[in-house]
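Me: I'd like to go through this structure with you and ask what stands behind some of the labels. Could you show it first?

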Amino acid sequence: MARSIVILVLFLFSQPSLSSSCCGQSPASFTILSLHQTLSLSLGYSLINSQGRVFDNSEEFFLWDDNKKRQISSTNLSIASTISDRHQLFINTSYMEATFRSPLEDGASQNFSDTLIGYNFEVLPEYTYSPWKPIIYLSAFLNIPTGKSIYDKSTLSEGADVTGHNQWGSGLGISLRKNFFPVTLTLQGKVMRLFPKSFHNSRVTSFYDSSISLLGNYNLSFWDLSLNGGLTSSFLSQRKLQPSETVSGTSRVTTLTGGLQRPLNESLSLSLAYSDQTLLGDQKNVILNKTYNLTLNYNYY
C-alpha cells in the first residue's frame with residue numbers, strides 16, 4: 001500500500017535556485033506526475049543559507065565570515081494535474097522573504113518568484129514492462145515574470161532580494177524515468193529562452209537558462225521510508241545591457257541533494273531534503289547556498 005505511493009521526486013529538487021545575484025535562476029527541475037494522479041498539490045518551505053561567492057574571473061570559493069549573512073526563506077506551491085491519459089499541466093510559484101546583514105547593512109525584502117507554467121506529454125508510455133525501456137516525457141514551459149530581477153532596483157546587497165528573471169520566457173524539457181524496484185531513476189533536462197526586456201534606462205538582451213538533473217529514489221523496507229538523491233547542473237548564458245553594452249558573464253553551479261520521505265496515508269506524504277552547492281562541480285559567477293526543505297504532498301486519484 002504505502003510502497004505504491006511513489007514520491008513526487010521532481011518537486012523535492014525544484015526549489016528556486018537563487019545561487020547568485022547574477023543568476024536568479026528558474027527552478028532546475030520541474031514536476032512530472034508518474035502515477036497519473038488527477039491532481040497533485042505540494043506545499044513546501046525552504047530555508048536557504050548563503051555560504052560565499054565564486055566570481056566571474058575565478059574558480060576560487062570565497063567563504064563569508066560571521067559578519068556577512070544572506071538568508072532566504074521560501075514558501076513553495078506546486079499544482080499539477082493529469083488532464084487526459086498522457087497529458088499533464090503544472091504550475092510552480094513561491095513567495096520569498098530575504099534578509100541580508102553585514103557591518104554596513106541590515107535589511108529585509110519580500111517578493112514573489114517567477115511563476116513557471118508547464119505542459120507534459122508522455123511520449124513513450126510503459127503499457128507493458130520492459131527491463132530497459134524508460135518512460136519518456138516531453139515538456140513545454142512558459143516563464144511568467146512575477147519575480148524580481150537583478151536588473152530591478154535593489155534594496156539589498158549580494159542579490160538577496162532577487163527572486164527570478166522577471167522576464168517572459170519559454171522553453172522545452174525532457175524527462176526519462178525508469179523503475180528498477182526498489183530504485184527509481186529520473187534523468188531530466190530543460191532549456192529556457194528568456195526574452196529581451198527593458199529595466200529603467202537599460203534593456204537586457206535574451207539569454208538561456210538551462211539545467212540537467214539525475215535524480216534517484218530508493219524505497220526502504222523500514223517504516224515505509226524512501227531515500228532521495230540527486231545531482232543538478234545549472235547554467236545561465238551571457239547577457240548584455242543596452243545601450244551601454246555591459247556584459248553579464250555566464251554562470252554555472254552544481255547542486256547535490258539528498259532527502260527522506262514517508263507517506264502519512266494513501267494521499268499525503270511528508271518530505272525532508274537538503275541541498276548543497278559547495279561540494280561538487282566547476283562553479284562560476286555564483287553565490288553558493290545550502291538549502292533545507294520541508295514539503296507536504298497531496299495526491300488525488
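Reply: Gladly! Both Lys-190 and Asp-209 are buried, where buried means under 20% relative accessible area, exposed over 50% and partly exposed in between (1.4 Å probe, protein chains only). This is a predicted model, in which local features need pLDDT of at least 70 and side-chain atom pairs count only at pLDDT 80 or more, while totals for chains, interfaces and linings use all residues. Residues are numbered from 1 along each chain as its sequence is written, and side-chain values use heavy atoms, leaving out hydrogens and water.

Me: What makes the meeting of Lys-190 and Asp-209 side chains a salt bridge?

Reply: A salt bridge needs a side-chain nitrogen of Lys or Arg within 4 Å of a carboxyl oxygen of Asp or Glu. The N to O distance for Lys-190 and Asp-209 is 3.5 Å, so the pair qualifies.

Me: Why is Asp-161 called buried or exposed?

Reply: Asp-161 has 1% relative accessibility, so it counts as buried. Its salt-bridge partner is Lys-148, at 2.8 Å from N to O. Lys-148 has 12% relative accessibility and therefore counts as buried.

Me: And how do you know which class Arg-252 belongs to?

Reply: Its relative accessible area is 24%, so Arg-252 is partly exposed. Asp-282, at 37% relative accessibility, is also partly exposed. The side chains of Arg-252 and Asp-282 meet in a salt bridge of 2.8 Å, N to O.

Me: How many salt bridges are there in the whole structure?

Reply: A search finds seven.
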